[in-house]
Amino acid sequence: MTLAPSAVQAEALVLRYRRIRSRSMALCASLTPEDMMVQSMPDASPAKWHLAHTTWFFERFVLERDSAYRSPHPDWNYLFNSYYQAVGPMHARPRRGLLSRPGIAQVRDYREKVDEAVCERLSRGVDATTADIIGLGLEHEQQHQELLLTDIKHAFFCNPLLPAYTAPHASSAVASSVRMEFIAGREGIIETGHSGDDFAFDNELPRHRALLQPHALANRLVTNAEFAEFIRDGGYHEPSLWLSEGWDTVCREQWQRPFYWQEDLSSEFTLAGVRPIDPDAPVSHVSYFEADAFARWAGARLPTEAEWESAASGLPVQGNLLDAMSFHPQAATAGEGMLQMFGDVWEWTASPYVSYPGFRPLAGALGEYNGKFMCGQWVLRGGSCVTPREHVRATYRNFFPPHARWQFMGIRLGQDR
Ligand SMILES: [Fe+2]
């Protein structure tokens, strides 16, 4: 049985709550109200919607646990519910960009009201379940911080003026990456999945056994220069390299290069505007199909998620994550052992996103958080340059459909031994 948090723990949670919630607003500091309303494609959401939806999450799942709570905007339930069918009907996802009302000032005010109510609730003392849901809400907020940035990148890319979200990062000067080497992984029966008392999503549980065949993983991510070689070698024109669904997508969408690369293969759109491609930085914004085809071309394969987790377990969670404020993948220019395991780009794995043996979704509507998406998607590991550092860990399972490219998604190679 989990005990209710002590006054000291509740105070720490208030501080954490305020720190994480204020970061979402800080990430929007350079955005105009017009920027914050744009929805550039059905998969992306306006920044304003992210700010309101994460607030809605705390209202619905924390504040409404108290039947005396009265929402300042009960009619916003419909606008800012994302996909929780058990909570009620919702505004259609592809039409989030039509919400000129409420305005950003009203959304800010909504955030402040909900923040005060959550912190006041914490100061009065909460039960263990409520404290856990507040913790979940903060992890959810951090997921949306990453989405807010990848969605604004896409929105700005769709604007012919190609505006910059941020100034170029000082360390983005070109430097040579370390040589790619393959490092043998553990083999045999291993334990995988989350263990311990720290936060984990339900999809990281339960810890269970997996069999690893003899294998090795590359010490670093695939670079832009290596991916350019694949392009120049005709990779996008050779059907034998592609999964059938991938080849169909390449032909239908006329894919010729990673999503944000320009036609000359020497510049790309970044959160700092159009910049020269650093040949030594990790390739980013490639789909599962492209990652898989590249690996086949290179005589390798993608790692399984159990192989990746085994290599990552015990490593410190450090790297080019959101906290570095580079907003772009960086070259691995020095270091021994497995490099770039955390940060830079989410790494496509060869593993479909399915439940672990013995998986049990959270109770109630929150059971819709992860479990219902376990169909037709692939697991990515390790976080990206826009993932908050404290949000990711070795057991973290991200997931996207195989054609998705707008997240910071890249490639680490694996091979059989
Ligand atoms: Fe959400």
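Is Val 386 buried or exposed? Val 386 is buried, with a relative accessible area of 0%. The model is a predicted one, and this residue is a good place to enter it. Val 386 sits in the loop between strands S8 and S9, the latter spanning 398-400. Leaving aside neighbours within four places in sequence, its contacts are Glu 146, Leu 149, Thr 150, Leu 271, Leu 322, Phe 327 and Phe 408. One more pair helps to place this loop. Val 386 and Ser 326 are 60 residues apart along the chain, and their C-alpha atoms are separated by 8.4 Å.

Now turn to the metal. The iron ion has three protein donors: His 53, His 140 and His 144. Each gives its NE2 atom, lying 2.2 Å from the iron ion. Along the chain, the donors follow the spacing H-x86-H-x3-H. His 53 belongs to helix H2 (residues 47-61), and His 140 to helix H5 (residues 128-157). These two are 87 residues apart, so the pair links distant parts of the chain. His 53 has a relative accessible area of 1% and is buried. His 140 is buried too, at 3%.

How do the two helices that carry this pair meet? The axes of H2 and H5 come within 10 Å and cross at roughly 170°. An angle over 145 degrees counts as roughly antiparallel, so H2 is roughly antiparallel to H5. From H2, the contact includes His 53, along with Trp 49, His 50, Phe 57, Phe 58 and Phe 61 among others. From H5, the residues include His 140 and His 144, as well as Ile 133, Leu 136, Glu 141, Leu 147 and Asp 151. The three histidine donors of the iron ion are thus also part of this helix contact. By class, the contact has 12 nonpolar, 6 polar and 2 charged residues.

H2 has another partner. Its axis and that of helix H4 (residues 104-124) come within 10 Å and cross at roughly 25°. Angles under 35 degrees count as roughly parallel, and therefore H2 and H4 are roughly parallel to each other. H2 passes H4 in a left-handed crossing. Lys 48, Leu 51, Ala 52, Thr 54, Thr 55, Trp 56, Phe 58 and Glu 59 make the contact from H2. On H4, the residues are Ile 104, Val 107, Tyr 110, Arg 111, Val 114 and Val 118. This contact has 9 nonpolar, 2 polar and 3 charged residues.

Just before H2 comes a loop. Met 36 lies in it, between helix H1 (7-27) and H2. At 2% relative accessibility, Met 36 is buried. Beyond four places in sequence, Met 36 touches Cys 28, Leu 31, Pro 46, Ala 47, Lys 48, Leu 51 and Ile 104. Leu 51 and Ile 104 also appear in the contact of H2 with H4. The C-alpha atoms of Met 36 and Ala 26 are separated by 13 Å, with the two residues 10 apart along the chain.

The last stop is helix H9 (residues 305-312). H9 is mostly covered, with 7 of its 8 residues buried. The buried ones are Glu 305, Ala 306, Glu 307, Trp 308, Glu 309, Ser 310 and Ala 312. They pack against five strands: S2 (188-192), S3 (208-212), S4 (215-218), S7 (346-352) and S8 (378-381). S8 also borders the loop that holds Val 386. After H9 comes Gly 314, whose phi is positive, near 95°.

Methods: Residues numbered from 1 in each chain as written. Predicted model: local features only at pLDDT ≥ 70, side-chain atom pairs only at ≥ 80, totals over all residues. Heavy atoms only, no water. Buried < 20%, exposed > 50% of the residue type's maximum accessible area, 1.4 Å probe, protein only. Helix = DSSP H or I, 4+ residues; strand = E, 2+ residues; numbered from the N terminus. Contact = heavy atoms within 4.5 Å. Donors = N, O, S within 2.8 Å, 3.2 Å for Na, K, Ca; no water. Axes fitted to C-alpha atoms, helices over the stretch in contact; angles between N-to-C directions. Parallel < 35°, antiparallel > 145°, perpendicular 65-115°, else oblique. Left-handed = near helix turned anticlockwise from the far one by under 90°. Nonpolar A, V, L, I, M, F, W, Y, C, P; charged D, E, K, R; others polar.
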